Amino acid sequence: MEKKLLNKIAIVTGGCRGIGLAISEELLKNGAYVFALDYVIPENIEFENSNYAAYFKTIQADVSSEESVNAAIEQVLKEKEAIHILVNNAGITRDNLLIKMSEKEWDSVLDTNLKGAFICSKAVAKTMMLQRQGRIVNVSSVVGAMGNAGQSNYSASKAGMMGFTKSLAKELGSRNILVNCIAPGYVRSAMTDALNDEQKKQFLNNIPLKRVAEPSDIANLTMFLVSEESSYITGQVIHINGGLFM
């Protein structure tokens, strides 16, 4: 198999579990060296191929803290002296109805999801500009475009990532840095696995493809956007939701 990312250095925030781990593994499969930044590092991370572990490193970091992120980026540059790819995937939810939502629930989601993408992008931008090469992929959500009751904070953060992506693409395009956004729909997770058959049926009624996405579906699109095959795509929001939102 051709390794399309051979010798590329990638950073994936929230890269130790769920969608982030699937993205990390896809980049590793294609030859990248991956640094996963996560707030909590799992004790054991298992890959499809045990050889990937030699090209994967975790760094504990809080993406909502510029000091924490800068320290992590400094560590990456000390070890590898380059950063070619950044995937802003880290995100949290604190769901509540507007009239019940606390300021803390609002701030924590915006700080991690949107401010985190800003801090991480800013931290790698100078290196990518000097290289005149880079790929930034922001992982948003379908609810950033269509909204969702009880998720005004999450929806606002994910909508903000879409606008942030377009602005950053215009700022960095002349330096050959491509910035794009992925907006997943419902993705298989512990939450969706726990639904009973009736709940799953109701859940899937609104999805034309009648299934939730696999984490690998999101990873495959990310891989395309960081590869040379996407070299004329920037500033785009690409929805991957089985037809839930068109």
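In this predicted model, Ile182 sits in strand 6 and is about as hidden as a residue can be scored, with a relative accessible area of 0%, so it counts as buried. Setting aside neighbours within four places in sequence, Ile182 is in contact with Val137, Asn138, Val139, Ser140 and Ser141, with Ile218, Leu221, Thr222 and Leu225, and with Ile238 and Ile240. One of these partners, Ile240, lies 58 residues away along the chain, yet the two C-alpha atoms are separated by 7.2 Å.

Ser141 shows up in that contact list, and it makes a handy next stop. This serine is placed in the loop between strand 5 and helix 4 (143–146). With a relative accessible area of 7%, Ser141 is buried; the cut-off for that label is under 20%. Apart from residues up to four places away in sequence, Ser141 touches Tyr154, Lys158 and Met162, along with Ile182, Ala183 and Pro184.

Four more of the Ile182 contacts, namely Ile218, Leu221, Thr222 and Leu225, are also on the list of buried residues of helix 8, which is completed by Pro215, Ala219, Met223 and Val226. The cover over these buried positions includes helix 1 (18–29), strand 4 (85–88), strand 5 (134–139), strand 6 (177–184) and strand 7 (237–240). As for geometry, helix 8 has twelve residues (215–226), and at 1.5 Å a residue it should span 16 Å; the C-alpha atoms at its ends are 17 Å apart, which agrees.

Now for the sheet itself. Seven strands form an open sheet in the order 3-2-1-4-5-6-7, paired in parallel. Strand 3 (56–60) and strand 7 are the edge strands; each has a single partner, so one side of each is left without a neighbour in the sheet. From one strand to the next, the twist averages 20°. Helix 5 (residues 152–172) packs on this sheet, touching strand 4, strand 5, strand 6 and strand 7, and its direction makes about 165° with that of strand 6.

Which strands does strand 1 pair with, and over how many bridges? Strand 1 (residues 9–13) pairs with strand 4 in the parallel sense over three bridges, and Ile11 has Leu86 as its bridge partner in strand 4. Strand 1 also pairs with strand 2, again in the parallel sense, over five bridges; here Ile9 is matched with Tyr33 in strand 2. Further along, strand 4 and strand 5 run parallel and are joined by four bridges, with Val87 standing opposite Val137 in strand 5.

Two of these strands are worth a look for burial. In a regular strand, side chains alternate between the two faces of the sheet. In strand 2, Tyr33, Phe35 and Leu37 point one way while Val34, Ala36 and Asp38 point the other, and all are buried. That makes six of six residues, so strand 2 is largely enclosed by the rest of the structure. Strand 5 reads much like this: Gly134, Ile136 and Asn138 go one way, Arg135, Val137 and Val139 the other, and all are buried. Six of the six residues of strand 5 are buried, so this strand too is largely enclosed by the rest of the structure.

Helix 5 also carries Ser167. At a relative accessible area of 43%, Ser167 is partly exposed. Its C-alpha is 7.7 Å from that of Gly235, although the two are 68 residues apart in sequence.

That leaves the empty space. The largest pocket has a volume of about 1300 Å³. It is lined by 42 residues, of which Ile19, Gly91, Ile92, Thr93 and Tyr154 are the closest to its centre. Helix 1, strand 2 (33–38), helix 3, helix 5 and helix 6 (190–193) each supply at least two residues of the lining of the largest pocket. Enclosed space is another matter: the structure holds one cavity of 30 Å³ or more, and about 40 Å³ of space lies in the largest cavity. Its lining consists of Thr13, Val63, Asn88, Asn89, Ala90, Thr112, Asn113, Gly116, Ala117, Cys120 and Met161. Helix 3 (residues 103–131) gives the most to that cavity lining, with five residues.

Terms used
Residues are numbered from 1 along each chain as its sequence is written. This is a predicted model: local features need pLDDT of at least 70, side-chain atom pairs count only at pLDDT 80 or more; totals for chains, interfaces and linings use all residues. Side-chain values use heavy atoms; hydrogens and water are left out. The expected span of a helix is 1.5 Å times one less than its number of residues. Buried means under 20% relative accessible area, exposed over 50%, partly exposed in between (1.4 Å probe, protein chains only). Contact means heavy atoms within 4.5 Å. Two strands pair if DSSP finds at least two bridges between them. Axes are lines fitted to C-alpha atoms, for helices over the stretch in contact, and angles run from 0 to 180 degrees between N-to-C directions. On a 1 Å grid over the protein atoms alone, a cavity is a set of points where a 1.4 Å probe fits but cannot get out, and a pocket is an open set with protein on both sides within 12 Å along at least five of seven lines; lining residues have an atom within 4 Å of a point. Grid points are joined across faces, edges and corners, and a volume is the space filled by probe spheres set on the points.
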